[in-house]
Protein chains: 2
Amino acid sequence: MKILNGGLENVPGFKYSAIKCGIKYSDRLDYSAIFSEKPCNASGVFTKNKIFAAPVQLCRERINNPVKAILINATNANACTGTEGYENAVKLTGNIAEKINAEKNSILMCSTGIIGHQLPVSKMLDSHKSLVEHAAPENGKILPEAIMTTDTFPKSLSVSFETTIGEFTIAGTAKGSGMIAPDMATLLSFVVTNAPVSKADLDCFFKSSVNKSFNSITIDGDMSTNDTAIILSPDSNEYLTKQDDLNNFEKALTYVLTELATMLVKDGEGSTKLVKINVKGARSHNDAELAARAISESLLVKTAFFGKDPNWGRIAAAAGYSGAEIHEYCLSISFENIPLLQNGKPVNFDMEKLGKILEQDNFSVTVDLGIGEACATMITSDISYDYIKINAEYST
Amino acid sequence: MKILNGGLENVPGFKYSAIKCGIKYSDRLDYSAIFSEKPCNASGVFTKNKIFAAPVQLCRERINNPVKAILINATNANACTGTEGYENAVKLTGNIAEKINAEKNSILMCSTGIIGHQLPVSKMLDSHKSLVEHAAPENGKILPEAIMTTDTFPKSLSVSFETTIGEFTIAGTAKGSGMIAPDMATLLSFVVTNAPVSKADLDCFFKSSVNKSFNSITIDGDMSTNDTAIILSPDSNEYLTKQDDLNNFEKALTYVLTELATMLVKDGEGSTKLVKINVKGARSHNDAELAARAISESLLVKTAFFGKDPNWGRIAAAAGYSGAEIHEYCLSISFENIPLLQNGKPVNFDMEKLGKILEQDNFSVTVDLGIGEACATMITSDISYDYIKINAEYST
């Protein structure tokens with residue numbers, strides 16, 4: 001596997017477009033599209049929220065069709081918009097299908113932004129000519145910016161990998177920021193590859209890679225109405241079938257998604273630190289996950305990270321209420337390689353050495369439950385004044 | 001029922017003491033005690049956290065004994081302190097028992113403060129003479145201050161109520177602030193009454209009143225290692241037995257606990273608003289509670305309250321991931337009497353009128369799931385810059 005410079009633009013067979021449509025604000029890229037030359041196998045992972053947006057409904061219905069394009073708008077979620085919202089998504093995708101001579105059910109749509117407002121459909125329809133005309137591979141460079149809401153930087157990357165039938169490329173982009181939680185960690189993520197992968201394999205690998213990446217990060221524990229991750233791979237007569245080839249594909253895919261997930265946490269609203277929570281010694285994998293999640297989502301733990309406070313008591317308390325089996329006398333906690341608690345007993349530690357770790361913008365905390373063999377990891381962020389500022393001011 | 005001026009000092013048969021022992025800081029009331037003239041029936045509700053403090057262990061063992069006193073210290077939780085921490089609690093309560101000529105198992109102890117530090121036992125033992133000598137009913141006025149950690153004001157109240165065997169009084173105090181969550185909403189609460197109530201009735205009424213009050217509030221969703229609520233009622237030859245009398249007792253008790261719970265939310269770390277979340281139209285009571293909790297604990301909802309933003313989308317999203325059965329087309333949301341969403345459709349509203357509600361430091365939000373008859377209420381607070389400040393700076 002080779003990490004490439006650049007992102008979406010590196011994958012042959014795809015074109016992108018991103019324009020300033022004026023959906024909510026007048027001067028930002030807010031409407032974009034991914035076009036594939038060939039019909040694609042598509043796979044998607046969607047929010048588990050029972051209140052889900054119209055475009056999520058539309059994607060769920062069409063994800064098993066051959067896919068030719070994805071329309072994406074920022075600044076308006078098209079959620080809680082009823083039948084009208086759904087019909088708008090049908091209308092917009094239908095119009096794009098006409099313009100590119102594709103089946104109307106081959107166009108997906110994703111939206112992100114404010115809940116409860118109808119999309120400005122005629123303005124968006126009017127922009128379709130321009131959206132289609134501007135499609136070009138190099139616009140893969142600006143699409144990551146066009147899908148952002150409160151993100152502070154665009155996120156994308158690409159890798160290439162070898163197979164017995166040649167070299168292929170995978171590229172991905174994501175936008176996140178708030179409302180990042182397990183069980184669909186990102187608001188929107190799009191992955192494209194020129195590697196020909198059968199629909200069945202694509203579904204399997206995409207779901208498992210999403211579990212290892214987006215579903216293992218948390219910023220504020222909320223879950224959005226619009227969370228969607230989609231991968232496109234061109235239809236083909238010659239799919240990757242050899243186990244080694246598929247392994248290389250999976251490895252590259254998981255790498256791309258994990259890097260995107262890490263970028264999302266780094267850009268967590270107002271976050272200043274990225275902390276990896278390793279739970280080990282759990283009785284079961286489920287217990288390890290419960291503990292890792294409770295610690296990762298605890299406001300008290302996250303504010304302590306922000307305050308550079310090695311408050312292992314809050315970590316122990318969060319593990320204690322997580323639902324995982326836990327015994328005080330078996331519990332050990334360390335920050336990087338410095339133990340603070342060993343088998344339930346506080347350890348004297350070198351505050352200066354620990355202080356240096358807490359100053360870092362990236363460190364790990366290991367929580368050993370000491371009663372089994374299972375482990376789990378989550379990546380979390382601290383929570384700062386800016387989280388409050390961003391979310392108090394991002395307004396209807 | 002009559003609301004009285006003052007608090008604990010109004011209940012005959014109890015004395016209090018509160019001193020500056022210097023447990024962590026040199027110049028604050030940090031060590032206190034409640035003494036009963038007669039042995040009392042006691043009832044307690046404790047944290048469900050699997051990591052619980054030594055004094056919680058001690059109280060659980062002794063709560064069914066006749067109780068003569070409760071020792072309370074602030075600034076040190078005596079949690080994650082192992083066998084030594086437990087033995088310290090035994091030693092301190094044993095010493096007090098000697099000093100007041102009581103059974104050693106008749107003394108309870110509660111602690112709150114930092115996790116993972118041993119209590120300064122000899123300093124505390126040295127203060128016991130003074131603690132016992134200063135015991136007086138009027139010190140009920142200062143005890144609420146002595147049990148505070150990050151609380152910004154002491155919390156107490158008292159009421160009297162009539163029965164067929166005379167008038168009785170109930171008084172309570174609580175300290176909370178952070179780590180306030182359902183399933184034991186307060187760090188510490190103490191209730192005393194001169195009403196003679198049998199142990200069985202006391203257990204029953206106290207648990208149900210705690211459920212209606214402390215377990216229906218949330219500030220940050222965390223659950224402490226030390227949460228404890230205890231009620232004392234004097235042993236007697238003539239318990240309240242008539243249904244009307246017991247009803248009056250329960251009503252007064254629930255009033256006291258609900259008022260204390262409301263004070264806790266008002267004093268939620270850095271909170272500027274108190275918001276009552278009413279969920280109705282749920283398929284089951286459990287569903288109503290799930291939705292009310294998810295909304296009450298959502299950081300995005302709480303920051304929106306702080307930002308005076310009527311962001312019903314975040315409320316709908318939280319209800320959507322709560323696990324409750326919910327259908328977008330049946331969902332209605334209103335702030336006080338102003339509907340913002342009706343059967344899944346946004347309603348045009350008078351922004352000026354709504355703005356006035358959002359400016360208030362106290363209002364209610366009603367979420368009608370529209371598919372059943374069950375309802376539930378939770379009280380929550382907003383989350384502000386000060387929450388972060390307090391919790392980033394409250395340090396080990």
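This report covers secondary structure, aromatic rings, cysteines and selected residues of the structure above. The model is predicted.

**Strand β8 of chain A**

Strand β8(A) spans residues 188-193. Six of its six residues are buried, so the strand is largely enclosed by the rest of the structure. Leu188(A), Phe190(A) and Val192(A) point one way. Ser189(A), Val191(A) and Thr193(A) point the other way. Both sets are buried.

β8(A) pairs with two strands named here. Strand β7 of chain A (residues 166-175) runs antiparallel to β8(A), and six bridges join them. In that pairing, Lys175(A) has Leu188(A) as its bridge partner. β10(A) runs parallel to β8(A), with five bridges between them. Here Ser189(A) stands opposite Ala229(A) of β10(A).

**Helix α1 of chain A**

Helix α1(A) covers residues 54-62. Its buried residues are Ala54(A), Pro55(A), Val56(A), Leu58(A), Cys59(A) and Arg62(A). An α-helix has 3.6 residues a turn, so residues three or four places apart point the same way. What do the buried residues of α1(A) pack against? Their partners in chain A are the strands β3 (31-46), β4 (67-73), β5 (107-111) and β10 (228-234), plus helix α2 (82-99). β10(A) thus appears twice in this account: it packs against α1(A) and pairs with β8(A).

**Aromatic rings**

Over all chains, the structure holds twelve aromatic pairs. One of them joins Phe205(A) and Phe249(A) in an edge-to-face arrangement, with 6.0 Å between centres and 65° between planes. The two residues are 44 places apart and link distant parts of the chain: Phe205(A) sits in helix α6 (residues 199-212) and Phe249(A) in helix α7 (residues 243-266). Both are buried.

In chain B, Phe161(B) and Phe249(B) have ring centres 6.1 Å apart and planes at 55°, so this pair is tilted. It also links distant parts of its chain, across 88 residues. Phe161(B) belongs to strand β6 (residues 155-163) and Phe249(B) to helix α7 (residues 243-266) of chain B. Phe161(B) and Phe249(B) are both buried.

Back in chain A, one aromatic cluster takes in Phe161(A), Phe168(A), Phe205(A) and Phe249(A).

Charges also meet rings in chain B. Arg60(B) lies over the face of Phe52(B), 4.6 Å from the ring centre. Lys155(B) lies over the face of Phe153(B), at 4.5 Å from the ring centre.

**Cysteines**

How many disulfides does a search of the whole structure find? The count over all chains is zero. Two cysteines illustrate this. For each, the closest cysteine sulfur is too far away for a bond.

| Cysteine | Closest cysteine sulfur | Sulfur distance |
|---|---|---|
| Cys40(A) | Cys59(A) | 14 Å |
| Cys375(B) | Cys330(B) | 17 Å |

Their surroundings can be read from accessibility. Cys40(A) is buried, at 1% relative accessible area. Cys375(B) is partly exposed, at 46%. Cys59(A), the neighbour listed for Cys40(A), is one of the buried residues of α1(A).

**Positive phi angles**

Cys80(A) is not a glycine, yet its phi is positive, near 55°. It lies in the loop between β4 and α2 of chain A. It counts as buried because its relative accessibility is 2%.

Asn78(B) is another non-glycine residue with a positive phi, about 50°. Its place is the loop between β4 (67-73) and α2 (82-99) of chain B. Asn78(B) is buried, with a relative accessible area of 0%.

**Two buried residues and their contacts**

Ile326(A) sits in the loop between α10 (312-321) and β12 (332-335) of chain A. Buried or exposed is Ile326(A)? At 5% relative accessibility, Ile326(A) is buried. Beyond its neighbours within four places in sequence, it contacts Ala319(A), Gly320(A), Leu331(A), Leu369(A) and Ile371(A), and also Lys50(B) and Ile51(B) of chain B. Pro144(A) is 182 residues away along the chain, and the C-alpha atoms of Ile326(A) and Pro144(A) are 43 Å apart.

Thr366(B) lies in strand β15 (residues 362-368) of chain B. Its relative accessibility is 18%, so Thr366(B) counts as buried; the cut-off is under 20%. Setting aside neighbours within four places in sequence, Thr366(B) contacts Asn278(B), Lys280(B), Ser332(B), Ile333(B) and Ser334(B).

Definitions and conventions
Residues are numbered from 1 along each chain as its sequence is written. Chains are lettered from A and ligands numbered from 1 in the order in which they are written. This is a predicted model: local features need pLDDT of at least 70, side-chain atom pairs count only at pLDDT 80 or more; totals for chains, interfaces and linings use all residues. Side-chain values use heavy atoms; hydrogens and water are left out. Buried means under 20% relative accessible area, exposed over 50%, partly exposed in between (1.4 Å probe, protein chains only). Helices (H or I, at least four residues) and strands (E, at least two) are DSSP runs, numbered from the N terminus. Contact means heavy atoms within 4.5 Å. Rings of Phe, Tyr and Trp (its six-membered ring) pair if their centres lie within 6.5 Å; planes under 30 degrees apart count as stacked, over 60 as edge-to-face and the rest as tilted. A charge sits over a ring if NZ of Lys or CZ of Arg is within 6 Å of the ring centre and within 35 degrees of the ring normal. A disulfide is a pair of cysteine sulfur atoms within 2.5 Å. Two strands pair if DSSP finds at least two bridges between them.
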